[in-house]
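Colleague: I'd like a close look at one part of this protein, the inside of it. Could you walk me through how that region is put together?

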Amino acid sequence: MAGKILIIGACGQIGTELTLKLRDIYGNDQVVASDIREGSEELMSSGPFEAADATDEARIEALIDQYNISEVYLMAAMLSATAEKAPMKAWNLNMDSLFHILNFTKDKKIKKVFWPSSIAVFGPTTPKNDTPQTTIMEPSTVYGISKQTGERWCEYFHDKYGVDVRSLRYPGIISYKTLPGGGTTDYAIEIFHEALKNKAYTSFLAENTGLPMMYMDDAIKATINIMEAPSEKIKVRSSYNLSALSFTPKVLSEAIQKEIPEFKISYEPDFRQKIADSWPSSIDDSEARKDWQWKHDFDMQSLVKEMLAGVSEQLKTAK
Ligand SMILES: NC(=O)c1ccc[n+]([C@@H]2O[C@H](COP(=O)([O-])OP(=O)(O)OC[C@H]3O[C@@H](n4cnc5c(N)ncnc54)[C@H](O)[C@@H]3O)[C@@H](O)[C@H]2O)c1
């Protein structure tokens, strides 16, 4: 690789595992982690870390120069549930950080960018099942509005200035290494912690709320695959639909009960129910599968087994 990789928002749920995987592939010194807070011990000790605010254009530019950065993964954002509590702050973070990176790429300071979008770009008027790549998009959350707008700008910068930006509409990402950052699908992570600690969980989404979900390893694989694919294979420059599984809290609880028979679930939907109700239940990602051969590995029961093993290991070491 000609230059190094910079991950902005590297200490979050996805950024942590993405940074560690990229360090495995390209070498520890090749991958610079940055965030406004420190990350896990493994992340901080395995390679370079720089404190940086994604909205501080001069600071990000200085890092690009200092480390000879050629690729940026922009993972910093305010997520759906948190953003509803601070809409303008979310808008400023989610949009300003993207504009800085798109402009640096346009000015040829960097060569390639990954920027994640989300199923939150869809809204209550979108077809709910097998949501197509191109369809009605009228998001009703500030997070969704920022992601949809971001997608339009990514496509615009690609078409107008040749910017090599690549993007995925992540579904709810399930993992145990780093806690989630305030999204509407976080119940599907909390449930594993509570199942192991207390054998019971109260879900903040109703039992039959179906949402698209994915195990972290698949999300990291998709991210690296799309970034490594030859440019001509990336036909969609707004953001690709991406899918693996789709399930409800009830179905997830039944899969957990296969491993922990005494586990009990109850339901107390809160403000996040309305957000979940506005999103698709399942996603058609055939364009990603066709264009750059996307394929997921984890099904429901393998995800449940990995999560229970990972979280119980964490609980043991925390004792
Ligand atoms: N986790 C999911 O299920 C999911 C689903 C769809 C899309 N996404 C998208 O993927 C990306 C990463 O999500 P995540 O789940 O890892 O989020 P997260 O909240 O866990 O992590 C975001 C990181 O960004 C950092 N950050 C916040 N403000 C910053 C700033 N001003 N400057 C620099 N860093 C800042 C935070 O400290 C945090 O470490 C986001 O763009 C998110 O919208 C995530």
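Which residues have the most contacts inside the largest nonpolar core, and how many residues does that core have?

Modeller: Keep in mind that this is a predicted model. The largest nonpolar core has 92 residues, and those with the most contacts inside it are Leu6, Ile7, Val72, Leu74, Met75 and Ile174. Helix α7 (residues 187-198) gives the largest share of this core, six residues. The core also draws on both domains, taking at least three residues from each of domain 1 (4-115 + 140-169) and domain 2 (116-139 + 170-319).

Let's start with β1, the strand at residues 4-8. Five of the five residues of β1 are buried, so the strand is largely enclosed by the rest of the structure. In a regular strand, side chains alternate between the two faces of the sheet. In β1, Lys4, Leu6 and Ile8 point one way while Ile5 and Ile7 point the other, and all are buried. Yes, that includes the lysine: Lys4 is buried along with the rest.

Now for the strands that pair with β1. With β2 (31-35), β1 runs parallel and is joined by four bridges; Ile5 stands opposite Val31 there. Add helix α1 (residues 13-26), and β1, α1 and β2 make a right-handed β-α-β unit. With β4, β1 also pairs in the parallel sense, this time over five bridges. Two of the partnerships are worth finding on your screen: Ile5 has Glu71 as its bridge partner in β4, and Ile7 has Tyr73.

That brings us to β4, residues 69-74. It is mostly covered, with five of its six residues buried. Besides β1, β4 is joined to strand β5 (residues 112-114) by three bridges, and these two run parallel as well. Glu71 turns up again here, standing opposite Lys112 in β5.

Two residues of this stretch deserve a stop. Tyr73 lies in β4, and it counts as buried because it has 27 C-beta neighbours inside 10 Å, where 20 or more is what it takes. Leaving aside neighbours within four places in sequence, Tyr73 is in contact with Ile5, Ile7, Leu18 and Phe114. Val72, one of the residues with the most contacts inside the core, touches Leu6, Ile8, Ile101, Ile110 and Val113, again not counting residues up to four places away in sequence.

Next, go back along the chain to helix α3 (residues 57-67), whose buried residues are Ile60, Leu63 and Ile64. Seen down the axis of α3, these buried residues fall within an arc of 100 degrees, so they line one face of the helix. The general rule is handy here: an α-helix has 3.6 residues a turn, so residues three or four places apart point the same way. On the other side of α3, Ala58 and Asp65 are exposed. As for what covers the buried face, the list includes β1, β2, β3 (49-51), β4 and α5 (87-106).

Between α3 and β4 there is a loop, and Asn68 lies in it. Asn68 is not a glycine, yet it has a positive phi of about 55 degrees. It counts as exposed because it has 9 C-beta neighbours inside 10 Å, and the limit for that label is 12 or fewer. There is another residue to set beside it, after the helix that gives the core its largest share: Lys199 sits in the loop between α7 and β10 (200-203). Lys199 has a positive phi too, near 60 degrees, and is a residue other than glycine. With 13 C-beta neighbours inside 10 Å, Lys199 counts as partly exposed.

Finally, step back to the two domains that feed the core. Their centres, taken over C-alpha atoms, are separated by 21 Å. Where they touch, 35 residues come from domain 1 and 40 residues from domain 2. On the domain 1 side, α1, α4 (80-83), β5, α6 (142-161), β7 (164-166) and β8 (168-170) each supply at least two residues. The largest share of that side, 11 residues, comes from α6. So two elements from our tour, α1 and β5, show up again at this contact.

How values were computed. Residues are numbered from 1 along each chain as its sequence is written. This is a predicted model: local features need pLDDT of at least 70, side-chain atom pairs count only at pLDDT 80 or more; totals for chains, interfaces and linings use all residues. The arc is that of the directions from the helix axis to the C-beta atoms. Two residues are in contact if their C-beta atoms, placed from the backbone, lie within 7 Å. Two strands pair if DSSP finds at least two bridges between them. A nonpolar core is a set of buried Ala, Val, Leu, Ile, Met, Phe, Trp, Tyr and Cys residues joined through C-beta atoms within 7 Å. Domain bounds come from an automatic or database domain assignment. A crossover is right-handed if, with the strands pointing away from the viewer, the path from the first strand over the helix to the second runs clockwise.
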